[in-house]
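Visitor: I am new to this structure and would like a close look at a single part of it. Please take the aromatic side chains and the charged side chains around them, and explain each term as you go.

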Amino acid sequence: MTIYAEADVAAAGDAPGLGQSLENRHVTMITLGGIIGAGLFVGSSTTISQVGPAAVVSFAIAGLAVMLVMRMISEMASSLDGVQAFPDFARAGLGHWAGYLSGWLYWYFWAVVVAIEAVAGAKIVNAWYPQFAEWQIGVALMLALTAVNLLSTRTYGEFEFWFSLIKVAAIVAFIALTGAFVFGVTNPDGASIAAWTGYGGFAPKGWGVVLAAVASTIFTMCGAEIATIAAAESKEGAKVIGRLSLSVSIRILFFYVISLGLIVAVLPWNEVQPGYSPFAATLAAIQIPYGSQIMTALVLVAVLSCLNSSLYITSRTLFGLARHGDAPQWLVSVNRRKVPARAIVVASLFSYAAYAAERLSPNTVFSFLINSSGATMLLLYIMCAVAQLRIRRRLEATAPEKLTLKMWLFPWLTLATIAVMAAVLVFMAASPTLASQFWLSLLVAGGLLAAFAVMKKARG
């Protein structure tokens, strides 16, 4: 029994192929870069201020969910021939409609992220060079990284390699410096983790708040699945994804849980300011010179890294949709460097329009774009998990020898992961502050399904 529909195979099979210029080191750092961003360096402040030291537990639960999704992706990538791009797993397991929906939702999410990161980067650079307007800086950043993506896939990979290496090195240095302070090596008062329990307890607002915070923390970890996109242009393909699934997941827990655990051991949680980097505040508390300036520069690197990868993802996702007949066929084109230049340009145009919306209509159009993509990654992860359930059942019945890398404790861990993510969506729907994101994301998904129905009817 085949997994793909025949029409999908035909659509994808005759299209020009992308190059394979990325090496394993590129794919590894691209994946790490996708999960280490401003959400960790700055966004974690909101979770800590709302939850207390137990925010570490919220991030651990979210990290575990992402780790399990990555394991499912690894199983599918290693067992399905020619299927490794993240949106295509839903297509393989659930059918054409799911491939159309997941592809366009994935493209939409990352196209909006481009504009969000451009806004964040422009604010940082504007503080250093106020003679330039924020919109000028934002456009310049987007144009520069669009040019990087147009040059070659390897150029994109090299930029992302160094961006990610800087972020990883910075977190390792932060853990070393802060750990030395917490365990008394550089602390004149000796080792202490009193801040974990000294300001109302480890979970001062209750464990219900800790679980509810998973809804926001899980979004800071989205991006690990970028490996599936980049692996398509690497020399080893699906093998890379299989190796990365566990190692990347462990690093998620290492970077997030350990660094945040050290932060709440140094800083009283009720003194953490939402929107201000708790990493910078921690470096100031342990008297590291120029800690705030260092973290500001690091946040800019994280923003540029995410902007770079977001442009890459939007173009490759659009290229993939065109290969399957779900986007205009003139986008199925690569230049002599095996770069889908048309897809890059077209994908970036929507991001420029979204950035223009932030300047012209920040409280209406841009607010809609942000809110309507708020629950998108959870919807995509749930579709991916359901697809894994179906594909695994099919393979067990027809080709068990292809299951060389398996999801742990199948089907119970898959079902548990779906249940956790569904519970987060239910919480979003019931939360006054997150309900708009849930319903607007469903509105966009419903609009795409309607567009799919119209397309199918037009094609007879």
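Guide: What follows starts with the aromatic rings of helix α6 and then turns to charged side chains and salt bridges.

This is a predicted model, in which local features need pLDDT of at least 70 and side-chain atom pairs count only at pLDDT 80 or more, while totals for chains, interfaces and linings use all residues. Residues are numbered from 1 along each chain as its sequence is written, and side-chain values use heavy atoms, with hydrogens and water left out.

A pair of aromatic rings is described by the distance of the centres and the angle of the planes. Rings of Phe, Tyr and Trp (for Trp, its six-membered ring) pair if their centres lie within 6.5 Å, and planes under 30 degrees apart count as stacked, over 60 as edge-to-face and the rest as tilted. By this rule there are 18 aromatic pairs. One of them joins Tyr 106 and Trp 110, which are edge-to-face, with 6.3 Å from centre to centre and 80° between the planes. Because these two residues are 4 residues apart in helix α6, about one helical turn separates them; helices here are DSSP runs (H or I, at least four residues), numbered from the N terminus. Tyr 106 and Trp 110 are both buried, where buried means under 20% relative accessible area, exposed means over 50% and partly exposed lies in between (1.4 Å probe, protein chains only).

Another pair is that of Tyr 108 and Phe 350, whose ring centres are 6.1 Å apart and whose planes stand at 50°, so the pair is tilted. This pair links distant parts of the chain, since Tyr 108 belongs to helix α6 and Phe 350 to helix α15 (residues 341-360), 242 residues apart. Tyr 108 is buried, with a relative accessible area of 10%, whereas Phe 350, at 26% relative accessibility, counts as partly exposed. Both rings belong to one aromatic cluster, formed by Tyr 100, Trp 104, Trp 107, Tyr 108, Phe 350 and Phe 452.

Rings also meet charges. A charge sits over a ring if NZ of Lys or CZ of Arg is within 6 Å of the ring centre and within 35 degrees of the ring normal. The charged end of Arg 25 sits over the ring of Phe 161, 4.7 Å from its centre, and that of Arg 392 sits over the ring of Phe 410, at 4.3 Å from the centre.

Arg 25 leads on to the salt bridges, for together with Glu 23, Arg 154 and Glu 158 it is linked in a network of them. A salt bridge is a side-chain nitrogen of Lys or Arg within 4 Å of a carboxyl oxygen of Asp or Glu, and the structure holds 14. In the bridge between Glu 158 and Arg 154, the closest N and O atoms are 4.0 Å apart. These two residues both lie in helix α8 (residues 153-182), 4 residues apart, or about one turn of the helix. Glu 158 is partly exposed at a relative accessible area of 21%, and Arg 154 counts as partly exposed at 30%.

The salt bridge of Asp 326 with Arg 91 has its closest N and O atoms 2.8 Å apart. It links distant parts of the chain, with Asp 326 in the loop between α14 (291-323) and α15 and Arg 91 in helix α5 (residues 86-94), 235 residues apart. Both Asp 326 and Arg 91 are buried.
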